[in-house]
Amino acid sequence: MSNKLLPRRKVRHLVDRAIRIALGERRVTAIILPNDLQDMPYEDPPRKHGTIHSGIGFSKPKTVPYDDDLRRAADVLNSGKKVAMLVGAGALRATDEVIAVADRLEAGAAKALLGKAALADDLPWVTGSIGMLGTKPSYDMMMECDTLLMIGSGFPYSEFLPKEGHARGVQIDLAPDMLSAALPDGGQSGR
């Protein structure tokens, strides 16, 4: 078998895998095919040793926090008198839920740059962006809050967040490497 046939027969699997990675890990994937391979007609891989076969489809798993983590987070949030929320890109598909939580906590919400589309700017408790391109109301809210709820954001600029020891924090994120990165007290974080 020529070297050109081997990659051509793996294209189907590479495309299937790239789509699953993009959907499952919520990240960009890329497939780079050499020009000569792009010009060749597609062939189904033969059913023999050394070939890879895959199928289409992906169902995202349901992720639910542990009861103890949820209870601890609720205790922190319910004890807050001035609750601020920081909403990031991880909340883009949870607008209704974020609104419900903000209403329940009577919280204001600032938006990280990648989370701008998560909440409409005309909601009365949305203070706009946070950070170097942020608004004064967002900055003031962060400096004056006693509790911070971060949703889907690993906002890296600590100078725009409550000073350490001035607020308690809860963070919701699916990416473990984003958890507790910026919470003012090391916080309660959960998946």
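I take buried to mean under 20% relative accessible area, exposed over 50%, and partly exposed in between. I note at the outset that this is a predicted model.

**Entry 1: aromatic pairs**

I first applied these terms to Phe-160, which is buried, with a relative accessible area of 15%. I then looked up aromatic pairs, and a search of the whole structure gave two. In one of these, Tyr-139 and Phe-160 meet edge-to-face, with 6.4 Å centre to centre and 80° between the planes. Tyr-139 belongs to helix H5 (residues 136-144) and Phe-160 to the loop between strand S4 (147-151) and strand S5 (168-172), so the pair ties together parts that are 21 residues apart in sequence. I recorded Tyr-139 as partly exposed, since its relative accessible area is 37%.

Phe-155 and Tyr-157 also form an edge-to-face pair, with centres 5.5 Å apart and planes at 75°. Here Phe-155 counts as buried at 6% relative accessibility, whereas Tyr-157 counts as partly exposed at 36%.

**Entry 2: helix H3**

Does the length of H3 agree or disagree with the expected span? I checked the 13 residues of helix H3 (residues 67-79) at 1.5 Å a residue: the expected span is 18 Å, and the end C-alpha atoms are 18 Å apart, which agrees.

Which residues of H3 are buried? I found Ala-73, Val-76 and Leu-77. Viewed down the axis of H3, the buried residues fall within an arc of 95°, so they line one face of the helix. On the other side of H3, I noted Asp-67, Asp-75 and Asn-78 as exposed.

**Entry 3: salt bridges**

I searched the whole structure for salt bridges and obtained four. Among them is the contact between the side chains of Asp-68 and Arg-71, at 2.9 Å from N to O. These residues, Asp-68 and Arg-71, are three residues apart in helix H3, and therefore separated by about one helical turn. Arg-71 counts as partly exposed at 48% relative accessibility.

The side chains of Arg-72 and Asp-69 also meet in a salt bridge, at 2.6 Å from N to O. I found Arg-72 and Asp-69 three residues apart in helix H3, again about one helical turn. Arg-72 is partly exposed, with a relative accessible area of 40%, and Asp-69 is partly exposed, with 25%.

I also recorded a salt bridge between the side chains of Asp-140 and Lys-136, at 3.0 Å from N to O. Asp-140 and Lys-136 are four residues apart in helix H5, which means a separation of about one helical turn. Asp-140 is partly exposed at a relative accessible area of 24%, while Lys-136 counts as exposed at 58%.

As background to these spacings, an α-helix has 3.6 residues a turn, so residues three or four places apart point the same way.

**Entry 4: a nonpolar patch**

I looked for nonpolar side chains on the surface. Leu-14, Val-15, Ile-19, Leu-23, Ile-31 and Phe-58 form a nonpolar patch there, with about 480 Å² of accessible area together. Leu-23, one of these residues, is found in helix H1 (residues 5-25). I recorded Leu-23 as partly exposed, with a relative accessible area of 45%.

**Entry 5: Leu-113**

Where is Leu-113 found? I located Leu-113 in the loop between strand S2 (108-111) and strand S3 (126-129). Leu-113 is exposed, because its relative accessible area of 54% is over 50%. I also noted that the C-alpha atoms of Leu-113 and Gly-88 are separated by 7.3 Å, although the two residues are 25 residues apart along the chain.

How values were computed
Residues numbered from 1 in each chain as written. Predicted model: local features only at pLDDT ≥ 70, side-chain atom pairs only at ≥ 80, totals over all residues. Heavy atoms only, no water. Helix = DSSP H or I, 4+ residues; strand = E, 2+ residues; numbered from the N terminus. Expected span 1.5 Å × (residues − 1). Buried < 20%, exposed > 50% of the residue type's maximum accessible area, 1.4 Å probe, protein only. Arc of directions from axis to C-beta. Phe/Tyr/Trp six-rings, centres within 6.5 Å; stacked < 30°, edge-to-face > 60°. Patch = residues over 30% accessible without salt bridge, like charges linked within 9 Å, V, L, I, M, F, W, Y side chains within 5 Å. Areas by Shrake-Rupley, 256 points an atom, 1.4 Å probe, with all protein chains shown as cover.
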